[in-house]
Structures are given as C-alpha cells and as structure tokens.
Amino acid sequence: MSERQEEQKRHLQLMKRGADGNEEYSGTFQEEDDSVEMRDVQDELQVRHTPCNVTHKRKVKWHYQSQIHITVWKNKKALENKVGETMQDRTLRNWFKVTIPWGRKYDKEWLMNSIQNHCSVPFTPVDFHYVRNRARFFIQDSSIASELKDVSYKICDEENQKICIFVNKCAAPFSVQNKLEPEEMYQLEMTMNKRYDVTQQALDLQTLRFDPDLVGHEIDIILNRRNCMSAALKIIEKNFPNLLSLNLCNNKLYQLDGLCDIIPKAPMIKILNLSNNELSSTWEVSKIKGLKLEELWLEGNPLCDTFSDQLTYVSVIRSYFPKLRCLDGQNFTSPTALDISSPDLVKPCQKTCKEPEELRNLIRQFLRQYYSLYDNGDRQGLLAAYHEESCFSLSVSSNPEDIALNSLCDIYKESRNMKMIKDDYLRLQLLKHTKHDVVRSLCVLPKTQHDLNSFVVDLLIQTDTMLCFSVHGVFKEVEGSSQGSLRAFVRTFITTPGCCSNLCIMNDELFVRVATAREAQCSLSLQTPTSVFNFKPTLSQEQQEMVQSFSTQSGMNFHWSQKCLQDNEWNYIKACEVFIMLKTEGRIPMEAFQ
Amino acid sequence: MEGTGSYHRDWSEENRGRQYQQHDQHRQPEGSGSHYYGPQGDHSRQGNRIPEEVVTPPLAASASSGSLMAAAVDFKTHVDQACRAAEEFVNIYYETMDKRRQALTRLYLDKATLIWNGNVVTGLDALANFFDMLPSSEFQVNMLDCQPVHEQATQAQTTILVVTSGTVKFDGNKQHYFNQNFLLTAQCTPSNTVWKIASDCFRFQDWASSN
C-alpha cells in the first residue's frame, strides 16, 4: 500500500471508530493549547489529513456526545519499515473492549474483583476508565473475552440488580495504539530522572508538557492522554517504585482514570500535588482513593469551587483518604480517636467480624459523613442516610441530682423515657417513623458541634444484612439558650448495607446527658486551636469580660480560658473550681499558659 | 409445632430441682405499671412459668392466621409489642441480675455477645463465667426507651432495641451511672413469644476514668 493509501485507511478507521476516535476516553474534552496544535498541523499537513479540518468544513459529521473532538496526533507509523509494522500490528490486533453500563455506581475494586472471581483465568484490564456512567476496559485475549461475555448478568450488586457486561471487538486501546516510540520513551525517562529528587524520593512533573528537554526533542507529553500517562507510570514503576511524593501540578488533568494505574506501581506515595489542574468533581479524586495519602493539594481545580463551605470540602476529601494530615497546606489535628488505636474499638471487632479493619473504616467513614451533615449542613441532607421506614427516638438522662438537667429537658422536649411516659399513644407519637419524620425531628434539635476525637464505638452485631453499633461521645450546643454547653451522648445505630458501600440507617436511638467536668476537660485537652472540629462562637460583651478576668486570675491564655468557661456553661465560680481541680491534678497542658 | 414441643421439654428440664419456683409468683414487679397478664386465663400458666424468661402474648394477627410473620401487622402493633416486651424484659433482667445472678444466662441466646465497658464476652459459657466474676449488684433504672427493629435488617427475625440508663452499685465499688442497650430477638410460638438477648452493650458513663 502506498503511503497515501495507508494514511487514508487510518483516517477512515478513525472515522469508523466514532467516539473512540478520540485519544481521550472521557466525554467532555478540553482543548489543548492552540499554539501547540498549530505546530502539529503545520508539521503533519503532508502526512495526513487531520480530522479537525474535516470537521470544520463539513459541519461536524461525527462528534462525541455534544463535544467536537479535535485531535491531532503525530503519526510516524506510516513511515516505518515493514518489519516494524508487522510487530506493531500484532499488538494492535485482537483487542476487546469490555463495557459495564452504570459501572460508575460501583466501587472499582469491588467490581473488578467480582468480575475476576467469575473468570477462570486472571486477566489484566488495560486502560480502565469511565465514560459518563459506563465503566470500560480492554483485554487482548479472545478466550477471556468470551468468558467475560458469560459473566454478564451473573454478578449481583447490593440492590440485587444483575450487572450487565458488554464485550465487543475493537481497535487497540489508546495507550497501546499510540505507544511512545523507544526514542521518546528514552527521552522521557531522562527528563523524569532529572526531575527526581533522591533525598526526598520526590518526583516533580509539574507542567511536564513544556519541559525544555521534551520540547527540544519535539516530544509532546500531554499527561491527559492515556498513552502519555501510561508511559510516565511505566517509568515510575521501573525507576521509582518507592516514590513518596509526586507533583502533577499544572498539567491540565481533567480526569484521573489514567493516574489510577499508579496505585500498584508506586503504592507508597504519601504526598500528591494535583493543584492547578482541571479536575471538576471529587469523583475524579475518589478514583485514586487506593493511595494512602497523607498530604494532598487540590487547590486551583474547578472542584474546589463546588463546595459552599470549607468543612464539607475537607470532610469529603478526608473520607477518601483516612490518613490524610494536610490538605492544601492546612494541617489537621492528629487523626480522629477512631484511628488512634482505640482499644475499645479493637476488642468488639476481634470477636464479631471477619474483616475488622474494613468494618472499622466503614463505620468511621459513616460517622464522619453523618456528623459532617449533622453539624455543618442543613440536616435535610440526612434524608439520604435513612431508610424509608426508619425509626428515631430521643431520651434524656433523668438523674434527679443534676440541676443542669432542667435546661436539658427544656431543649430536648421529645424525650421518650418509658419510665415516665406510660400513655401508649404518647409513646407512639414520640417514636419518629419514616425518614421524613425522623429528619424533621432532627432538624428541630439544637445545632451541635460533635467532637469526633471523643468518639468511642462499640460494635454490637454484624451480619450480612445488619450492622449495629453504639457511639459514645461528646458534643457542644452551638446555638440557643444553652449555647456552649457540653453534652455527652450515646447513640445506637442499626444499619443495613446500602448502595455504594454506604450504610443505611434503620433505627437510631439518641441518649443525651450533661457532660461531666472530666469529660469537658478531656475534650478540651484533645483539641488544639487549629482543630478542624473546633468551634469558635461569637462572645457577648459580658462573656468577653469574663474571659479576660478568668485569664488574669488563672494565668491561662484567652483561648483556654474561654474554653473552660464555655464548658462550664459560663458559670464563673464553677469554672474556677474545675480549673483548680485540674490544675492540682496536673491535667492542664503547658500550652494553656502561653 | 416443633418449637412448641421443645418448649415443653425445656420446661420439664428446668422444673427439675427448682426450689424457689413456688414462691416466685410475683410476676408483676412493683412499679412497672405494665399489665402483662390480660385475661384471667393467663394466670393458669403462672405456676409453670420459669421466672427467667421474657414472654409476651403473640401478636393478634399471627394468633389468628397461624403465621408468625403476618405482613398485615402494622407499625403501631410493632411498637406496642416492643414496649410491652421492653418493660417486661427490663424488670426481669435487672431483678435477675441483682437477686438471681446464676440464672441470668438463661436470658441470652447461645451465640449472644456482651460488650461490657469495651470487653467482649461471647457464648453462654463465657457469659456464665463473667457474671460469676462480677460482684453482686444493685441496679436502679431511671430511663428506658425501645424501638422495633426493621425486618429488612433482621431478615424477618422479630427484634427490638432496648436502651436503658440509671445507676448501679457493685459490691466494693462506688456507684456509677450506666448506659446499656440490648437487642432482643423473638422466638415465636402460636401461644406466646419468648424474647432472648442477642447483644448486650453496657458502659459506665465515666468508664474512661474508672479504668
């Protein structure tokens, strides 16, 4: 075949492939720099007719969803000798694409493991990515392809829906098809080696496309493209498998499907910088939650603007990376008490569950998300957490000696203490039924700030359909007549596994009492001023004066004086007593006096 | 029917060597206010009843239809049943704990779990040892709440959640405030429903400082 025919054939292939003609897999597509594209066009005009020109002239004959993809790709393959072509052809042949519609709903690891379990031979998925709601990957073996076809409708998801899998013949995936030439790989490797800092085990790939070495050799490394990302990851796997820190700042990344493949290649990565890219939703970030990150940078991505408040943003990101200590340069306090080896959390799990760590993480994540909505958002958001026919009831401590309980009873009027309430009708009324009633009554309760550091969880029962646990902890009331008061609570959740490895609440019982002075001080000493869960109320004039005089008298700084007063309900004398008690016990840290 | 048969067998086994059965006719503990015994006919069974069992009358629908899990039972009925069972249970449990500690394990399922201030105890043997070791107690329950558990979670095994709070004094220790919650499951027969503890979670309110 002549060069021209060769090139025409390739062009036709591109057109037939339709959506896959694009070297990017995802639906929305952002344009590369105009300047570079122009460069390509000029170079390639003799070699082939670029699709973009065709598209412009013919009013978008083929387009992918609603976007016009304009791709320009240097294709030197037409110039290669015959031997090289044959070998290349072999790797380009016999590819199958496996599509799971609605694959987006499922946890990637679960999905791939389920499919793998139904397959007699282990296979390696190539170029796993998402297209809108679909999950898709490629494999090269026709026997595996037919096995995978049979797996369709064999796997049941959590809602008992059968998962359907489509398998079709296709052209080679982009990372294979547009594999970098050996010279390009070599140059890329050299460049990456230069950018590697051995002392920190850190690799700096920011603005990689415009690296002078690569530009000088006319190698276009656009990390958005699967083949480029795949090549870079290959080099990382070979040269820097113990990589600790990776900087991908400024690479116009708008999807992380490709980066996902780094997880088995460089599993020790703790620091990742993705700032100033084009990531538009946290779903992209969730794709790499297999990394055990301690430090993450996401600022400068469109996804940051989708959050109305900092706390929600932080808690969503932290839910993906439990070990995270620093986000966008902001440090959190030490991990929540649930992460620190809480012996009480360990013991129940050892006896009752098969996978204690997973279960603990599941519960931790649930509690983090639940209380994030409970404390910071409009509690309406909790509707998603409750089952249609869930129940909720509230009970308030009834220790006759505790005078402070009077305020408690005024606020928590719907206390359902069957020792005091004997009327069947009233008992029924106070038990909230259906999620709308439940959330309605939760919205009426005062706004709170829970101290997640204080949480201790007892796991009561774990079966396939039920996960029941009790949470003990403290919270502060942040509004109303008892603003600043510290409460202790015991909350029993009975949940069932819902969709997407979430828990769905069936029963919720909340018991509230006034926190003891001891509990108040424990809570005080665990929280540092920069804690994410810290609560800073606005003080009245009188309260400010109290803080000042307390500070002078006690020798503590304003912050700690304020906390002490707050936790003792602004009862100056009580606060003094508590302070003296703790001081003699030596339980006040040094920093309180600085 | 099989269930009823074994139930009777259990009775005969339990009745052997039971000394205090005769004078434990006070099935109505003081101050509870719950009226377990409805029609007079129930009293006839009183003499055969083992004290350490929490029994409630069957749900009205199931008695007539013969099926134990009639879907027609509405929410209110579940709540009523739960309240009745919870009150009965709490009275029997704490009385047994205080006065007849050796019989306490009868209230637990074979595979029940107790989490006592974070310590896990599973199985009747371990539970028996544990309760043996625990000093004698004096419980005072000030708060009681309960909820019927949705059957989707329990796979149609009738279950109720019972939450209590109050004070307890163990011999040789100071008084503590405590919180406790139970999951009780029902073993239904045509004539009544027997409730047993599937899980029991107990904590002092000041557990942190009492270690």
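In chain A of this predicted model, strand β10 (residues 271-273) and strand β11 (residues 295-297) run parallel and are joined by 3 bridges. One residue pair shows how the two strands are matched, for A:Asn273 has A:Trp297 in β11(A) as its bridge partner. In general, strands of a sheet pair through backbone hydrogen bonds, and they may do so in parallel or antiparallel fashion. The sheet of chain A is an open one of 7 strands with mixed pairing, and its order reads β7-β8-β9-β10-β11-β12-β13. At its edges lie β7 (196-197) and β13 (330-331) of chain A, each of which pairs on one side only.

From this sheet we turn to the interface between the chains, where 44 residues of chain B are in contact with 49 residues of chain A. The area buried between chain B and chain A comes to about 4,000 Å², and carbon and sulfur atoms give 58% of it. Within chain B, the residues that lose the most area to chain A are B:Phe75, B:Gln147 and B:His150, which together make up 14% of what that side buries.

Polar and charged groups also meet here, with 19 residue pairs in polar contact between chain B and chain A, counting pairs with both residues at pLDDT 80 or more. On the side of chain B that touches chain A, the elements giving two or more residues include α4 (75-99), β4 (137-148) and β7 (193-204) of chain B. By class, that side has 20 nonpolar, 19 polar and 5 charged residues. The rule finds 4 salt bridges across the interface of chain B and chain A, and in a salt bridge the side chains of B:Arg203 and A:Asp458 meet at 2.8 Å, N to O.

How values were computed:
Residues numbered from 1 in each chain as written. Chains lettered and ligands numbered in written order. Predicted model: local features only at pLDDT ≥ 70, side-chain atom pairs only at ≥ 80, totals over all residues. Heavy atoms only, no water. Contact = heavy atoms within 4.5 Å. Buried area = accessible area lost by both parts, 1.4 Å probe. Polar contact = N/O pair within 3.5 Å; in protein donor to acceptor, adjacent residues only side chain to side chain. Helix = DSSP H or I, 4+ residues; strand = E, 2+ residues; numbered from the N terminus. Nonpolar A, V, L, I, M, F, W, Y, C, P; charged D, E, K, R; others polar. Pairing = 2+ DSSP bridges.
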